[in-house]
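This briefing covers selected helices and strands of one structure, grouped by topic. The sequence and model are shown first.

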Amino acid sequence: RTAPFLVRSLALISLLSLVSGCEQQVTESMTVDLLITGGLVYDGSGDQAYAADIGISGGRIAFIGTAADSAIEAAETLGAGGLWVVPGFIDMHSHAELHLDYGRDASPYLHQGITTVVLGVDGDGEPNVAEQLADWESAGIGVNGLLYVGHGAIRSLVMGRENRPPTDEELDVMRSLVRRAMEEGAFGLSTGLFYVPGTYATTEEVIELTRVAAEFPGAIYDTHDRDLGAVYQGVGYDASVAEGIRIGEETGARVIFSHYNLQGARNRGRGDVGARYINEARERGVDVWAAQHPYTATQSSLRAYTIPTWAAAGGDDAMVARFDDPEENARIVESMYEMLEIRGGPEKIFLVDERPGLNGITLAQYAREQEVAPHEAVQEILRGGNVKVMNLDLYDDANTRRLAQEPWMMTCTDGRTPRPDQPIAHPRTFGAFPMKFRRFVQEDSVLTTEDAIRSFSGLAADFLRLPDRGYVRDGYVADLAIIDPRRYRDAATYEIPQLYAVGVEHVLLGGEFAVRDGELTGRLPGAAIRRPTLESKQR
């Protein structure tokens, strides 16, 4: 009779201890540095939003729940009633000038809710990765930054702008530069196979260098592929996409297509085809993703849009010498007009450079003002150096809308921070994220709010394999944007492009305010992010 009594007594004691422990857990207070109260949380996963208070301590999320029920105390409280609390957005293809004084604060990006930018894209990433990261850490940056090493930058360093294959010795040097950059924290290799000198490389050359990057776990192959559909004498959109997929399939690198879309009149209405190529590759096990911006205009350079690649080989001096050779120039001029026709004519080439007189007008207008033919205008301009241009109406909006619905489609600005004295630039630098939200959530309803925010944040963090960013989760770095959904809009236009987006009330990086009450704080709380490894936690 004693044993059952003891069993019941021990069970009662255990139950009382459990209850006592639960009461202690509920009533034990927690003090946080900042408590964000009353917001609607979109956590970046694509799941339904929920109301919660967010506590931040030591730069990380320390509490998610109802503060009043959990005895949370705070050194500072920020009311977010009627606002969204979202993960800081990740710009998957950016040209933000974080290393320059006028771009270091990243103001156009912060005002969109962006807290992390991916740089070194289009093959332009210099191999001195450790030096660039150290500069960011010593001087400070307004957003987090991470880097690719660029095939074009390495090829130019080793071979200049030569239109030929590398020698065995040159290829070995390029391999060593890729390896060093990966060891120093690069996330992968980027290419700009549309641009000189990347366009001179064979697929096999790119595969050889991507294999080196792929020696490092999680390495990425990021590509501005050869031909989005508007390349003079190019391989064509379909073959270009197939090449990018092949490089990932043969090397084991994870692939992302930069600003994935289709260009030119011949590709209008082919968004389903673009989606199918990636979905078929994913079905057979290739790790392929993409990013997009929502604008119909591209931005590049006058040389890239008007001069055949053979004529640009060897550098600017060699190109100008070909202008001065009657026979070679006749070939250049013929090719130039064919290139302009593909891109909609000189009326669609919009000059957006810092140089006086080369900003805010089309190539056609410039030629009329100078009373010269368009080809003469191009060569006159290029004799003074390459200039930035936009190609208006090159993307089909229906294709962009179709591709936005794919579960692997992330978001980017493809934006370059303009100089303060440059009145015209591409509005995507200032408005790509809110414009995508406006167009595809609020106006066309092809995406839900949850899906759009996932494409801005968690999806990108998953692809980059960031272990503690991109989501509103306990223990994650407190990179957060607090947005007024009634006001979140792009303001920049092609005519007036340097207008900040509106509706982003607060932005925090590592728990520190970069934007407060809609205004920059002047702080530079961004982090230099290195490729995550198995041996080390993310900085």
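In helix 8, Gly271, Asp272, Gly274 and Ala275 meet Asn399, Arg402 and Leu403 of helix 15. By class, this contact has two nonpolar, three polar and two charged residues. The model is predicted. The points below begin with this helix pair, then turn to a covered helix, an open sheet and an enclosed strand.

**Helix 8 and helix 15**
- Two packed helices are described by the angle between their axes and the distance between the axes.
- For helix 8 (residues 271–283) and helix 15 (residues 397–404), the axes cross at roughly 35° and come within 8 Å.
- The crossing of these two helices is right-handed.

**Helix 6 and its surroundings**
- Helix 6 spans residues 203–213 and is mostly covered, with eight of its 11 residues buried.
- The buried residues are Thr203, Glu205, Val206, Ile207, Leu209, Thr210, Val212 and Ala213.
- Among the elements that cover these buried residues are three helices: helix 4 (151–159), helix 5 (168–183) and helix 7 (237–251).
- Strand 10 (188–192) and strand 11 (220–224) are also included in what covers the buried residues of helix 6.

**The open sheet of four strands**
- The strands of this open sheet follow the order 14-17-15-16, and their pairing is antiparallel.
- Strand 14 (298–301) and strand 16 (359–362) are at the edges; each has a single partner strand, so one side of each lacks a neighbour in the sheet.
- On average, neighbouring strands of the sheet are turned by 30° against each other, direction ignored.
- Within the sheet, three bridges join strand 15 (residues 349–352) to strand 17 (residues 388–391) in the antiparallel sense.
- Phe350 stands opposite Met390 of strand 17.
- Helix 13 (residues 363–370) packs on the sheet, where it touches strand 15 and strand 16.
- The direction of helix 13 makes about 85° with that of strand 16.

**Strand 7 and its partners**
- Strand 7 (residues 114–119) is largely enclosed by the rest of the structure, because six of its six residues are buried.
- Strand 6 (residues 89–91) pairs with strand 7 in the parallel sense over three bridges.
- Phe89 stands opposite Ile114 of strand 7.
- Strand 8 (residues 144–147) runs parallel to strand 7 and is joined to it by four bridges.
- Leu119 has Leu147 in strand 8 as its bridge partner.

Note on methods. Residues numbered from 1 in each chain as written. Predicted model: local features only at pLDDT ≥ 70, side-chain atom pairs only at ≥ 80, totals over all residues. Heavy atoms only, no water. Buried < 20%, exposed > 50% of the residue type's maximum accessible area, 1.4 Å probe, protein only. Contact = heavy atoms within 4.5 Å. Axes fitted to C-alpha atoms, helices over the stretch in contact; angles between N-to-C directions. Left-handed = near helix turned anticlockwise from the far one by under 90°. Nonpolar A, V, L, I, M, F, W, Y, C, P; charged D, E, K, R; others polar. Pairing = 2+ DSSP bridges.
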